[in-house]
Amino acid sequence: MAAAISALIAFLLSVTASMGLLALAGRQIPMGTAYAVWAGIGAAATAIIGVAFYAEPMSIVRGLLIAGLIGCIVGLKALG
């Protein structure tokens, strides 16, 4: 039970921080760009966590696609 409560608290804090940072980014760059960067970071992080902690396979193609996603995020931020 304590582990479930700890996980819930960590999730709520993460969501709050994530949305707060998205709102903050939306003040500095166009919201469409901010959202694309926010979603891309989440997608890349989820894929990397899956490989690192959940034994998901990492192929060369998957690695290149994740790297490409990160490159697109950097490009959007640079142009944003």
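**View 1. Gly20 sits in helix α1.** Helices here are DSSP runs of H or I with at least four residues, numbered from the N terminus. Please keep in mind that this is a predicted model, in which local features need pLDDT of at least 70 and side-chain atom pairs count only at pLDDT 80 or more, while totals for chains, interfaces and linings use all residues. Residues are numbered from 1 along each chain as its sequence is written, and side-chain values use heavy atoms, with hydrogens and water left out. Is Gly20 buried or exposed? Gly20 falls in the class called partly exposed, because its relative accessible area is 39% (buried means under 20%, exposed over 50%, and partly exposed in between, with a 1.4 Å probe and protein chains only). From Gly20 to Tyr35 you count 15 residues in sequence and 12 Å in space, C-alpha to C-alpha.

**View 2. Ala7 is another residue to find in helix α1.** Ala7 has a relative accessible area of 47%, so this residue is partly exposed. Between Ala7 and Ala17 there are 15 Å in space, C-alpha to C-alpha, for 10 residues in sequence.

**View 3. Here α1 meets α2.** On the α1 side, look for Ser18, Met19, Leu22, Ala25 and Gly26; their partners in α2 are Met31, Ala34, Tyr35 and Trp38 (contact means heavy atoms within 4.5 Å). Sorted by class, this contact has seven nonpolar residues, two polar ones and no charged ones (Ala, Val, Leu, Ile, Met, Phe, Trp, Tyr, Cys and Pro count as nonpolar, Asp, Glu, Lys and Arg as charged, and the others, Gly among them, as polar). The two axes come within 8 Å and cross at roughly 145° (axes are lines fitted to C-alpha atoms over the stretch in contact, and angles run from 0 to 180 degrees between N-to-C directions).

**View 4. This is the largest pocket, lined by 13 residues.** A pocket is an open set of points on a 1 Å grid over the protein atoms alone, where a 1.4 Å probe fits, with protein on both sides within 12 Å along at least five of seven lines; lining residues have an atom within 4 Å of a point. Which residues lie nearest its centre? They are Leu21, Leu22, Val37, Trp38 and Ile41. Helices α1 (2-28) and α2 (31-53) are the elements that give two or more residues to the lining, and α2 gives the largest share, six residues. By class, the lining has nine nonpolar, three polar and one charged residues.

**View 5. Ala55 lies in the loop between α2 and α3 (60-79).** Although Ala55 is not a glycine, its phi is positive, about 55°. Ala55 counts as exposed because its relative accessibility is 72%.
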